[in-house]
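Visitor: I should like a close look at how strands come together into sheets in this model. Please concentrate on that part, together with whatever is packed against it.

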Amino acid sequence: MRIMHVLNHLRRLNGHVHAAVDLACAQAAQGHVVSIASGGGDFEALLQRNGVQTFHVDHKRSFANLAKSLVYLRGHVRSFGAEIVHAHMMTSAVLAFPVCRLSGIPLVTTVHNEFERSAILMGIGTRVIAVSDVVGASMRKRGVPAARLSVVLNGTIGSARMRDRDFKPASLHSPSILFVGGLHPRKGLPDLLDAFEIIHRTAPNAHLYVVGNGPHRQEYENKAAALSSAPAITFVGATNDPYPYMAGADIFVLPSHADPAPLVLSEAREARCAVIGTEVDGIPQLLEHGEAGILVPPSDPSALAAVIQHLIDTPGQIEEWKTKSQSKIEYLTIERVANETLQVYQAAQSNNSLW
């Protein structure tokens, strides 16, 4: 199949981009002819090494630019001979929709962040993919017919991004607590900082590592610096692959307030972490509803601190949850994501008359 993915950019600090790049490379490995049309970015070289063609389409949101980009995208779709166009972001879906209508090609859209109001625009696809059951339910409530909606749960294991990773665990101070994610409010890092302040009073040897970057980094560093536990908090910054930190950590925590299907949980489970995640959006599904990781209420530092403290006090529980993290982990492979996505494409081709 000739597949063209469309997304705003290929910059590293975006989970949508990681998911699209993983999928495109997996599809190319399965023998499909795959391309990505985007504004460019960090992953272009990786895509090209894995046999994925790249086209440049500027997604800047101005009328003049989008009109020009529409013409470019249509030209790329025609010259590439796309049989399926797969859009991963709102702007890319809006650009792709008229191109697909004019060309008679099915448009598949993936809803990555259903909590955004504009996510309803992703319903314009011939078929719509939701990245978790919760996202699927949300899109149905917004009016996307169940007949056009499929759930393909995110997974990263075996992805091209991780092919050359360093498997050596990072040397961390134990007991170590690890956060990996973008530094913006919905990831809930301030809750973890407050929880760690509570923990540090009775576990002064504990250390918190924050891996990631984002627009609120300075704000969060300032908050951490004001805590009595500040000397035991390390902001690592962004890293190409957080696996060594995950492999070296005692406890991995994702305290999100909203998170449709975070890829980092697949990565943490692959690294055999003892995982704690909040009971929001797609996190329970990615943790097998509590079988593969501990679930805590969101926005509750005291409850989070109590769970972390219990693990620190009973190290055997940490090892037990590391083992539990492997429960049904084979479902989180990128190969499974690619296979299920292909089924959606085939359904889109069969039902393109829905347009």
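Guide: Two strands count as paired if DSSP finds at least two bridges between them. The strands (E, at least two residues) and the helices (H or I, at least four) are DSSP runs, numbered from the N terminus. The model is a predicted one, in which local features need pLDDT of at least 70 and side-chain atom pairs count only at pLDDT 80 or more, whereas totals for chains, interfaces and linings use all residues. Residues are numbered from 1 along each chain as its sequence is written, and side-chain values rest on heavy atoms, leaving out hydrogens and water.

Let us begin with the sheet of 6 strands. This sheet is open, its pairing is parallel, and its strands follow the order β10-β9-β8-β11-β12-β13. Strands β10 (residues 233-237) and β13 (294-296) each have a single partner, so one side of each has no neighbour in the sheet. On average, neighbouring strands are turned by 25° against each other, direction ignored; such angles are taken between N-to-C directions, from 0 to 180 degrees, with axes fitted to C-alpha atoms, and for helices over the stretch in contact.

At the β10 edge, the partner is β9 (residues 207-211), which pairs with β10 in the parallel sense over 4 bridges. Within this pair, L208 stands opposite I233 of β10. In a regular strand, side chains alternate between the two faces of the sheet. In β10, I233, F235 and G237 form a covered face, while T234 and V236 form an uncovered one.

Further inside the order, β8 (residues 176-180) and β11 (residues 251-254) run parallel and are joined by 2 bridges. Here L178 has F252 of β11 opposite it. Helix α9 (residues 263-270) packs on this sheet, where it touches β8, β11 and β12 (274-278), and its direction makes about 170° with that of β11. One residue of α9 is E267. Its relative accessibility is 7%, and E267 therefore counts as buried (buried means under 20% relative accessible area, exposed over 50% and partly exposed in between, with a 1.4 Å probe and protein chains only). Apart from residues up to four places away in sequence, E267 touches T156, R161, M162, P242 and M246, where contact means heavy atoms within 4.5 Å.

The approach to β11 also deserves attention. D250 lies in the loop between α8 (243-248) and β11, and it is buried, with a relative accessible area of 15%. Its contacts, leaving aside neighbours within four places in sequence, are S174, P175, S176, A274, I318 and K322. The side chains of D250 and S174 are joined by a polar contact of 2.7 Å. (A polar contact is a pair of N or O atoms within 3.5 Å; within protein, one must be able to donate a hydrogen and the other to accept it, and residues adjacent in sequence count only if both atoms are side-chain atoms.) A polar atom of the D250 side chain also lies 2.7 Å from the backbone nitrogen of S176. With I318, D250 spans 68 residues in sequence, yet their C-alpha atoms are 6.9 Å apart in space.

We now turn to another sheet. This one is open too, has 7 strands with parallel pairing, and follows the order β3-β2-β1-β4-β5-β6-β7. At its edges are β3 (53-56) and β7 (149-151), each of which pairs on one side only. From one strand to the next, the twist averages 25°. At the β7 edge, β6 (residues 127-130) pairs with β7 in the parallel sense over 3 bridges, and I129 has S150 of β7 as its bridge partner.

Helix α3 packs on this sheet, touching β1 (2-6), β2 (33-38), β3 and β4 (84-87), and its direction makes about 160° with that of β1. Helix α4 (residues 90-103) lies across β1, β4 and β5, running at about 165° to β5. S69 belongs to α3 (residues 63-80) and is buried, with a relative accessible area of 1%. Residues up to four places away in sequence not being counted, S69 touches V57, D58 and L95. A polar atom of the S69 side chain lies 2.4 Å from the backbone oxygen of D58.
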